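Subject: Structure handover and findings

Dear colleague,

I am passing on the structure below, together with a written account of what was found in it. Please read the account with the coordinates open beside you.

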Amino acid sequence: HVQLVESGGGSVQAGGSLRLSCAGSGYSFTSYCMGWVRQAPGKEREVIANIDSDGRTIYADSVKGRFTISKDNHKNTLDLQMNSLKPEDTAMYYCAAALTLGPCPKVWYGYGGWGQGTQVTVS
């Protein structure tokens with residue numbers, strides 16, 4: 001039922017900004033934890049941000065203070081504003097959804113719905 005499509009990736013110089021977007025269909029964001037997950041070559045997938053049904057947000061230490069996750073429940077869209085980008089932010093970024101009765105998953109395999117990913121390259 002969950003269909004997610006990411007967009008907004010690209011190449012940017014260190015210190016620059018990008019805004020990623022995720023469009024969802026087949027469900028309501030109000031019922032899900034929504035998250036952004038990234039994977040760089042040779043590294044484990046990392047949940048970098050999530051937002052629960054009440055709008056509460058949690059960030060990984062690696063992006064805290066630089067990235068902001070937000071959502072629009074009526075439009076079923078999820079955004080990730082990325083500022084002060086670093087080369088180590090280079091990765092494939094995925095939008096993810098988890099239907100859970102508890103807190104939003106902290107690990108990537110806690111999410112059951114995935115988009116196709118969008119590449120972010122920082123140099």
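**Nonpolar cores**

The largest nonpolar core has 28 residues, and those with the most contacts inside it are Met-34, Trp-36, Leu-78, Leu-80, Met-82 and Tyr-93. At least two residues of this core are supplied by each of strand 3 (18-25), strand 4 (33-39), strand 5 (46-51), strand 7 (67-72), strand 8 (77-82), strand 9 and strand 11 (118-122). Strand 9 gives the largest share of this core, namely 4 residues. Please keep in mind throughout that this is a predicted model.

Another core, of 7 residues, lies apart from the largest one, and Cys-33, Ala-96, Ala-98 and Tyr-111 are among its members. As background, nonpolar side chains in soluble globular proteins tend to be buried together.

To give one residue of the largest core in more detail, Leu-78 is in contact, once its neighbours within four places in sequence are left aside, with residues including Leu-20, Cys-22, Phe-29, Met-34, Trp-36, Ile-51, Ile-69 and Cys-95. The contacts of Leu-78 also include Ser-21, Gly-35, Ser-70 and Lys-71.

**Disulfides**

The count of disulfides comes to 2, and with the bonded cysteines counted along the chain they follow the pattern 1-3, 2-4.

One disulfide joins Cys-22 to Cys-95, with an S to S distance of 2.1 Å. Since Cys-22 lies in strand 3 and Cys-95 in strand 9, this pair ties together parts that are 73 residues apart in sequence. The link of Cys-22 and Cys-95 is left-handed, with -70 degrees about the S-S bond, and both Cys-22 and Cys-95 are buried. Both of these cysteines also appear in the contact list of Leu-78.

A disulfide also joins Cys-33 to Cys-104, where the S to S distance is 2.3 Å. Cys-33 lies in strand 4, whereas Cys-104 lies in the loop between strand 9 and strand 10, so this pair ties together parts that are 71 residues apart in sequence. The torsion about the S-S bond of Cys-33 and Cys-104 is about -95 degrees, so this disulfide is left-handed. Cys-33 and Cys-104 are both buried, and Cys-33 is one of the residues of the 7-residue core.

**Salt bridges**

A search of the whole structure finds 7 salt bridges, and I describe some of them here.

Asp-79 forms a salt bridge with Arg-19, and their closest N and O atoms are 3.1 Å apart. Asp-79 lies in strand 8 and Arg-19 in strand 3, so the pair ties together parts that are 60 residues apart in sequence. Asp-79 is buried, with a relative accessible area of 16%, whereas Arg-19, with a relative accessible area of 42%, is partly exposed.

Glu-46 and Arg-38 also meet through their side chains in a salt bridge, at 3.1 Å from N to O. Here Arg-38 is buried, at a relative accessible area of 7%, while Glu-46 is partly exposed, at 27%. Arg-38 and Glu-46 belong to a network of salt bridges that also links Arg-66 and Asp-89.

Arg-56 forms a salt bridge with Asp-54, the closest N and O atoms being 3.2 Å apart. Arg-56 counts as exposed at 55% relative accessibility, and Asp-54 counts as exposed at 59%.

**Backbone and surface**

Which residues have a positive phi although they are not glycine? Asn-76 has a phi of about 55 degrees, and Ser-84 has a phi of about 50 degrees. For comparison, most residues other than glycine have a negative phi. Asn-76 is placed in the loop between strand 7 and strand 8 and is buried, with a relative accessible area of 13%. Ser-84 is found in the loop between strand 8 and strand 9 and is partly exposed, with a relative accessible area of 41%.

On the surface, Val-107, Trp-108 and Tyr-109 make a nonpolar patch of about 300 Å². Tyr-109 is found in the loop between strand 9 (91-98) and strand 10 (113-114), and at 59% relative accessibility Tyr-109 counts as exposed. The loop between strand 9 and strand 10 also holds Cys-104, the partner of Cys-33.

With best regards

Definitions and conventions:
Residues numbered from 1 in each chain as written. Predicted model: local features only at pLDDT ≥ 70, side-chain atom pairs only at ≥ 80, totals over all residues. Heavy atoms only, no water. Patch = residues over 30% accessible without salt bridge, like charges linked within 9 Å, V, L, I, M, F, W, Y side chains within 5 Å. Areas by Shrake-Rupley, 256 points an atom, 1.4 Å probe, with all protein chains shown as cover. Salt bridge = Lys/Arg side-chain N within 4 Å of Asp/Glu carboxyl O. Buried < 20%, exposed > 50% of the residue type's maximum accessible area, 1.4 Å probe, protein only. Core = buried A, V, L, I, M, F, W, Y, C linked by side-chain atoms within 4.5 Å. Contact = heavy atoms within 4.5 Å. Disulfide = S-S within 2.5 Å.
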